[in-house]
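Student: Could we take a close look at one part of this structure together? I am new to it, so please go step by step.

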Amino acid sequence: IIAVAKEANVDAIHPGFGFLSENSEFAAQCESNGITFIGPKAFAIETMGSKIAARELMQAKDVPLVPGSDSAIDDALEALEYAKQIGFPVLVKASAGGGGKGMRRVDSAAAFVPAFDGAKREALSAFGNGDVFVEKFVVNPKHVEFQILADTHGNVIHLFERDCSVQRRHQKITEETPCATLLPETREKMGQVAKQAALAVDYVGAGTIEFLLDRNQDFYFLEMNTRLQVEHPITELITGIDLVRWQLRIANGEELTLKQE
């Protein structure tokens, strides 16, 4: 792609929302070849692409997290001890993963070791990285994500939430906005935290901060998608803002004219 772009004197590449949009090496190669990557810097993609690195950074910035191990745990018995400390049910999760691969819910100590080993094997096979960590399983949460836009001048806004709780095998099926169960004061807090998370990685362009929301309106940072998402049009419909146009304008060095209020 880089070779073709250079041959055609391309000055910018929009990576869509496929795998290249979250490939830090591709973003870095664009940069080193003088081509604008229409998306965040390679550092942001790499940091937020690792669930463990993202957790560490968010913890340092006081972003609320689901209780979980601070780093990858290699030994199944050590991981089991940690799972007993935080209490079952727990999730064993691949650090490099997404889409439910390398992820296992475990409800008891007896089922833990086979699930842990299975998650490691699947993570290694799917992502070439067998690192896994253990996290408390939040029972019956809502999965709520906030759309953010950030420019190269330090401005960041959120464009409200999408409720993507309807899933099959951890793949989203239906997205709805606004989230029917989100209280206005919780929306306000989550939006502020989403902006805080984006600023923490010096984010540029369109991105999504994902949260788990429990029955008490407590919420926890889950991960960041460092790209435009497939489901972005519902946000465009409620706000009247063309996210792709803004991606292009931001990549061109323009300042956000939109204010949060």
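Student: Which residues line the second largest cavity?

Tutor: Happy to help! This is a predicted model, in which local features need pLDDT of at least 70 and side-chain atom pairs count only at pLDDT 80 or more, while totals for chains, interfaces and linings use all residues. Residues are numbered from 1 along each chain as its sequence is written, and side-chain values use heavy atoms, with hydrogens and water left out.

The second largest cavity is lined by Lys-51, Ala-54, Arg-55, Phe-133, Glu-135, Phe-221 and Leu-222. A cavity here is a set of points, on a 1 Å grid over the protein atoms alone, where a 1.4 Å probe fits but cannot get out; lining residues have an atom within 4 Å of a point. Its volume is about 40 Å³, meaning the space filled by probe spheres set on the points, with grid points joined across faces, edges and corners.

By class, this lining has four nonpolar, no polar and three charged residues; Ala, Val, Leu, Ile, Met, Phe, Trp, Tyr, Cys and Pro count as nonpolar, Asp, Glu, Lys and Arg as charged, and the others, Gly among them, as polar.

Helix 4 (51-60), strand 5 (132-136) and strand 10 each supply at least two lining residues, and helix 4 gives the largest share, three. Helices (H or I, at least four residues) and strands (E, at least two) are DSSP runs, numbered from the N terminus.

Strand 10 also belongs to an open antiparallel sheet of five strands, ordered 8-7-6-9-10; strands pair if DSSP finds at least two bridges between them. Strand 10 (219-225) stands at an edge with a single partner strand, so one side of strand 10 is left without a neighbour in the sheet.

How values were computed
1 Å grid on protein atoms, 1.4 Å probe; cavity = no way out; pocket = protein on both sides within 12 Å on 5 of 7 lines; lining within 4 Å.
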